[in-house]
Each structure stands twice: as structure tokens, then as C-alpha cells.
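Me: I have a structure open and want to go through its pockets and charged contacts. Can we take it one point at a time?

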Amino acid sequence: MTSQPLVTGERADLLETLALHRGFLRHTLNGLSDEQAALRPTASELCLGGLIKHVAATERQWLRFARGDTAAVALPDTEEKAEAAYRERAREFTMLPGETVTGVLASYDDVAAETARIVTDVPSLDTTYPLPEAPWFAPGARWSVRRVLLHVIAETSQHAGHADILRETIDGQKTMG
């Protein structure tokens, strides 16, 4: 049996903070059926299972970038690719036929494990990569692995708040309070 390398300092802090916010997000699915996780109880198109799928896909995408795959966050280069990417992104926000809470959470666990491996193994959190040209990135901007992790934490936290509102709308339960 191989042991997991000891993670300390800043890397441990980042992983623990991400785990905390993942826990808040995951908590919103506790005790719900697959059907309840697919409900869209507010004016938005959001459902709990879809939010977790989206957060997992976004984390996976940004961690590809943190390993040097800058194309992972680039805009599609053709209209056809853009339309396909838009359709795929829209599917992230829904529970598709046959998807289950168990499956969504297992996929999210896989992403979390991969993130932990990357954070543990990356030679330096200061390693930077250029961001692609996009209206939401400053021209010529570069992000470090650290900045990517902070972005993933912020995304996870924001969506955990959205999920808490959805859960409270479904059955009155909430993460805190």
C-alpha cells in the first residue's frame, strides 16, 4: 500500500479550504432522492445535482490549465465548436436521464482526488501559464497554480451558496443556521 505524501503549509491550507466548501456543497444533497436533486425549484434553471456536476467540470477544466494545458480554458476557435461547447456546458447544469446523486458525488470525489494529487505534486504553486484571449481576462494575463486554486475555491463557495438556496426551497433544509 502506498502512502499519500504529507501535505503541509500553504498547500494543506488550500486543500483544506477547498474541502470545507466542497463539504457545504455536498451537504445540500444529503437525504435527497435523484428526482429531488434534479428539481429546479426557483426561477433559474439550476438544480442541485447539476450544480455539483458543473462545479466538478469547472474544477477539472481549471486543473488541466494548472498542469499546463492552456487550451483547457480557451474559447472555441470555430462557431461549430462554440455551439458544441455551449450545449455541453448546458448539460452540466442538469441531471440527465440515468444520472444519480451517488454517481454525481462519486464523479466529484474523483475530481477532488485529482486536485489533491496535482496540488501535492506540482513543483511550485508559483508556476504560471498564460490565460487565453477572452473578454473576461486581462490582455496578456497569466495565472499561477495558486491563483487557479483560489479561483476553484471561490467558484465552489459561490455555488455552495446557490445550492443552499435550492435545498431550502425544496424542503426547508439548509447547510447552516
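What follows is a set of questions and replies on this predicted model.

Me: What volume does the largest pocket have, in Å³?

Reply: Start with the lining, which has 25 residues. Helices α3 (48-66), α4 (79-92) and α6 (145-171) each supply at least two of them. The space in the largest pocket comes to about 770 Å³.

Me: Which residues lie closest to the centre of the largest pocket?

Reply: The lining divides into 13 nonpolar, four polar and eight charged residues. Of the 25 lining residues, the closest to the centre are Gln61, Ala72, Ala74, Ala85 and Arg89.

Me: Which element gives the most to the lining of the second largest pocket?

Reply: The second largest pocket has a volume of about 160 Å³. Its lining includes Ile52, Lys53, Ala56, Ala57 and Arg60. Elements giving two or more residues are α3, α4 and α5 (101-121). The most come from α3, with five residues.

Me: How many charged residues are in the lining of the second largest pocket?

Reply: Among the lining residues are Lys53, Arg60, Glu88, Arg91, Glu92 and Glu99. The lining also has five nonpolar residues and one polar residue. The charged class counts six.

Me: Where in the chain do Asp109 and Arg26 lie, and how many residues apart are they?

Reply: Asp109 and Arg26 form a salt bridge, with the closest N and O atoms 2.8 Å apart. Asp109 sits in helix α5, and Arg26 in helix α1 (residues 9-27). The pair links distant parts of the chain, and the separation is 83 residues.

Me: Is Arg26 buried, partly exposed or exposed?

Reply: Its partner Asp109 has a relative accessible area of 39% and is partly exposed. Buried means under 20%, and exposed means over 50%. Arg26 has 26% relative accessibility, so Arg26 counts as partly exposed.

Me: What is the distance between the closest N and O atoms of Arg91 and Glu88?

Reply: Both residues lie in helix α4, three residues apart, about one turn of the helix. Arg91 is partly exposed at 43%, and Glu88 is partly exposed at 46%. A salt bridge needs the nitrogen within 4 Å of the carboxyl oxygen. For Arg91 and Glu88 the closest N and O atoms are 3.8 Å apart.

Me: Is Glu92 buried or exposed?

Reply: Glu92 and Arg89 meet in a salt bridge at 2.8 Å, N to O. Both are in helix α4, three residues apart. Arg89 is partly exposed, at 29%. Glu92 has 13% relative accessibility, so Glu92 counts as buried.

Me: Which residues are linked in a network of salt bridges?

Reply: A search of the whole structure finds 14 salt bridges. One network links Glu10, Asp126 and Arg146.

Me: Which residues line the largest cavity?

Reply: The structure holds one cavity of 30 Å³ or more. The largest cavity has a volume of about 40 Å³. Helices α3 and α6 each supply at least two residues of its lining. The lining residues are Val55, Thr58, Glu59, Trp62, His151, Val152, Glu155 and Thr156.

Me: How many nonpolar residues are in the lining of the largest cavity?

Reply: Val55, Trp62 and Val152 are among the lining residues. The lining also has three polar and two charged residues. The nonpolar class counts three.

Key: Residues are numbered from 1 along each chain as its sequence is written. This is a predicted model: local features need pLDDT of at least 70, side-chain atom pairs count only at pLDDT 80 or more; totals for chains, interfaces and linings use all residues. Side-chain values use heavy atoms; hydrogens and water are left out. On a 1 Å grid over the protein atoms alone, a cavity is a set of points where a 1.4 Å probe fits but cannot get out, and a pocket is an open set with protein on both sides within 12 Å along at least five of seven lines; lining residues have an atom within 4 Å of a point. Grid points are joined across faces, edges and corners, and a volume is the space filled by probe spheres set on the points. Helices (H or I, at least four residues) and strands (E, at least two) are DSSP runs, numbered from the N terminus. Ala, Val, Leu, Ile, Met, Phe, Trp, Tyr, Cys and Pro count as nonpolar, Asp, Glu, Lys and Arg as charged, and the others, Gly among them, as polar. A salt bridge is a side-chain nitrogen of Lys or Arg within 4 Å of a carboxyl oxygen of Asp or Glu. Buried means under 20% relative accessible area, exposed over 50%, partly exposed in between (1.4 Å probe, protein chains only).
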